[in-house]
Amino acid sequence: MAKMWAGRTAGETDRIADDFNASIHFDCRMFREDITGSMAHARMLGKQGIITEDEAETLCEGLAGILADLESGALDFDYTAEDIHMFVEAVLTERLGEVGKKLHTARSRNDQVALDLRLLLRGETDTICESLRELLTVLCDSAEKYADTIMPGYTHLQRAQPITFGHYLMAYASMVARDLSRYEDARARMNYSPIGSCALAGTTYATDRKYEAEALGFDGVMENSLDGVSDRDFCLEFLSASSILMTHLSRLSEELCLYSSWEFAFIELSDAYTTGSSIMPQKKNPDMAELIRGKTGRVFGDMVAMLTVLKGLPLAYNKDMQEDKERVFDTVDTVKACLSVLIPMLATMTVKADNMRRAASGGFINATDLADYLVGKGMPFRTAYKISGALVAHCIAVGTTLEELPLAKYLEYSELFDAGVYDAIDLDACVRRRVSEGGTSPESVKRQVASMRARLSL
C-alpha cells in the first residue's frame with residue numbers, strides 16, 4: 001500500500017523496516033473506534049464549513065460502508081498498510097476518490113490514535129466494570145447465604161480467631177468494590193477528547209473541538225495540544241487499576257487452591273472449572289484458579305513495560321508510544337478472561353461447612369475470647385492474656401481443649417473463673433459477640449451485604 005506520508009521522503013522503506021514500523025496487525029482492533037471518530041470529525045468539518053456539508057455526508061456514508069464491510073467480512077484488512085488509520089483512509093479514498101482525501105483535514109495521526117485508544121479503552125473499562133458488579137453480586141449472595149457458617153480466620157496462615165465464611169467473602173467484596181471505584185475514577189479522567197490537538201500544536205482551521213468531543217460522548221476536550229497527543233496517563237491508570245484488581249483475584253485464587261485441597265477441604269470447585277491428571281486418576285486440579293494467579297504476572301508486566309516506555313520521552317509524540325496498545329490490549333483481554341472464569345467458578349463452588357467448623361474447633365482460636373472473659377471480670381488485659389496463654393499451653397501439654405478443660409483447672413489459674421467461661425469460649429458465641437462495625441458476627445455480615453448492595457444499585 002502506498003505511503004500517504006510520502007513527500008518529504010520518497011516513502012520507500014526497507015521491507016523489514018516496514019514490518020518493524022507497522023502496527024496494523026494489532027491496532028486493527030480499533031477499526032470501529034477509528035471509523036466512529038472519523039465520522040464525527042467529518043461532520044465537524046462540514047459544520048464548520050471547512051469542507052461542504054455534502055462532502056461531509058459523502059465521507060460519513062463511505063465510512064459507514066467500510067465499517068459494515070469490515071464487520072460482515074466483505075472487506076479484509078490489508079496488513080501491508082502501516083496502521084488502521086492509513087488503511088481506512090486508503091480504502092475511503094479508493095472508494096470516493098478526491099473527496100476521500102479531505103477527511104484528514106485538521107487532524108494528525110497523533111491525535112487520531114490518542115482518540116481511538118481512549119474510545120476503545122473507555123468501552124473496555126465499562127465492560128470490566130459490569131463484570132465487577134456481577135462479581136460483587138455473586139460475593140454478596142454467597143456471603144448472605146453463609147453469614148453464620150463458622151470457619152477459622154488466619155494470620156500468618158496460622159489459625160487465629162473464629163470468623164464466618166460470609167465475613168471472609170465480604171473481605172474480597174470490599175476489595176473488588178475499591179477496584180470498581182478505581183476503574184470508574186480512571187474512566188472519568190479518560191473521558192476527555194484529544195482530537196483537534198493535531199500533530200502537537202493545534203491547527204489553523206476554525207475547528208469546533210467541543211462539538212466533536214460531545215458527538216463522541218466525551219465530557220470535554222484536552223486543554224493543551226501537546227498534552228493531548230503525548231498523554232498516556234489514562235493507559236497507566238487503567239493498567240494500575242488492573243494490576244491491583246489482579247492482585248486481589250490472585251490472592252483469592254490462591255485461597256481457592258488451598259481451601260479446595262484435601263488438607264483444608266473447605267470448598268470443592270465445580271468439575272467445570274477443574275481438570276484431572278494424565279497419570280493420577282484421583283486428582284482434581286484447580287487449574288482455572290492457578291491460571292488466574294499466574295496471569296497476574298502478565299498484567300504487572302504490562303504496567304511496568306508501559307511505565308518504562310514513557311519515563312524518558314520528550315514532548316510530544318514519539319514512535320515509542322506505539323508500544324502502548326499491545327500492553328493495554330493484553331491487559332484488557334487478560335482481565336476480562338479471568339473475570340469470565342472466576343465469576344461462575346465462585347457461583348458454583350460447594351462450601352463444606354462441617355469441615356470449616358471442625359477446623360475452627362481446633363487450634364485454640366477462642367483464646368482471645370477467654371482473655372476477654374477475664375477482662376470482663378475486671379482483670380487487666382495483659383494479665384488476662386498471660387493466663388489465657390498459660391491455659392493453652394497446659395491444654396497442648398495434656399492433649400485437651402479449652403472447652404474440655406474442667407472448671408477446677410481454670411480456678412487454679414484465677415478465682416475469677418466460673419461456669420460462664422464455657423459460654424464465653426463457645427465458637428458460636430465468639431462469633432456472635434463480634435458486634436463491632438465491620439466485624440464477623442452474622443448480623444454485621446448482613447449489614448455489610450446490604451451496604452454493598454445499596455452501592456451497586458446507585
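A pocket, as I use the word here, is an open set of grid points with protein on both sides within 12 Å along at least five of seven lines, and its lining residues have an atom within 4 Å of a point. I note at the outset that the model I am reading is predicted.

**Entry 1, the second largest pocket.** I looked up the second largest pocket and found that 15 residues line it, with S260, S261, W262, Q282 and K284 lying nearest its centre. Its volume comes to about 380 Å³. When I sorted this lining by class, I counted six nonpolar, five polar and four charged residues.

**Entry 2, the largest pocket.** I then turned to the largest pocket, which holds about 450 Å³ of space. Its lining is made of 23 residues, and those nearest the centre are G153, Y154, I163, Y168 and E255. I asked which elements each supply at least two residues of this lining, and the list reads β1 (150–155), β2 (158–164), α7 and α10. By class I find 13 nonpolar, six polar and four charged residues in the lining of the largest pocket.

**Entry 3, α7 against α10.** Since α7 and α10 both contribute to that lining, I looked at how they pack. Helix α7 spans residues 165–190 and helix α10 residues 233–259, and their axes come within 9 Å and cross at roughly 165°. An angle over 145 degrees counts as roughly antiparallel, and α7 and α10 are therefore roughly antiparallel to each other. The crossing of α7 past α10 is left-handed. From α7, I listed Y168, Y172, M175, D179, R182, Y183, A186, R189 and M190 as the residues that meet α10, and on the α10 side the partners include F234, F238, L245, H248, L252, E255 and Y259. The residues of this contact comprise 13 nonpolar, two polar and six charged. Two names recur from the previous entry, for Y168 and E255 are among the residues nearest the centre of the largest pocket and also take part in the contact of α7 with α10.

**Entry 4, enclosed space.** A search of the whole structure gave me three cavities of 30 Å³ or more. I followed up the second largest cavity, whose volume is about 40 Å³, and found L135, L139, Y172, M175, V176, H248, L249, L252 and L346 around it. Two or more of these lining residues come from each of α6 (109–145), α7 and α10. The lining of this cavity has eight nonpolar residues, one polar and no charged. Y172, M175, H248 and L252, which line this cavity, are also listed in the contact of α7 with α10.

**Entry 5, α3 against α4.** For another helix pair I took α3 (residues 31–47) and α4 (residues 53–72), which pack at an angle of about 170° with their axes 8 Å apart. By the angle cut-off already used, α3 and α4 are therefore roughly antiparallel to each other. I noted that the α3 residues F31, R32, I35, S38, M39, A42, R43, G46 and K47 meet a set in α4 that includes E53, L59, C60, L63, L67 and E71. This contact has twelve nonpolar, two polar and five charged residues.

**Entry 6, backbone.** Most residues other than glycine have a negative phi, and most peptide bonds are trans. Against that background I marked L157, which is not a glycine but has a positive phi of about 60°, and placed L157 in the loop between β1 and β2. I also marked the peptide bond from L315 to A316, which is cis with omega near 5°; A316 lies in the loop between α11 (287–310) and α12 (324–348).

Conventions
Residues are numbered from 1 along each chain as its sequence is written. This is a predicted model: local features need pLDDT of at least 70, side-chain atom pairs count only at pLDDT 80 or more; totals for chains, interfaces and linings use all residues. Side-chain values use heavy atoms; hydrogens and water are left out. Axes are lines fitted to C-alpha atoms, for helices over the stretch in contact, and angles run from 0 to 180 degrees between N-to-C directions. Helices (H or I, at least four residues) and strands (E, at least two) are DSSP runs, numbered from the N terminus. Angles under 35 degrees count as roughly parallel, over 145 as roughly antiparallel, 65 to 115 as roughly perpendicular and the rest as oblique. A crossing is left-handed if the near helix is turned anticlockwise from the far one by less than a right angle, and right-handed if clockwise. Contact means heavy atoms within 4.5 Å. Ala, Val, Leu, Ile, Met, Phe, Trp, Tyr, Cys and Pro count as nonpolar, Asp, Glu, Lys and Arg as charged, and the others, Gly among them, as polar. On a 1 Å grid over the protein atoms alone, a cavity is a set of points where a 1.4 Å probe fits but cannot get out, and a pocket is an open set with protein on both sides within 12 Å along at least five of seven lines; lining residues have an atom within 4 Å of a point. Grid points are joined across faces, edges and corners, and a volume is the space filled by probe spheres set on the points.
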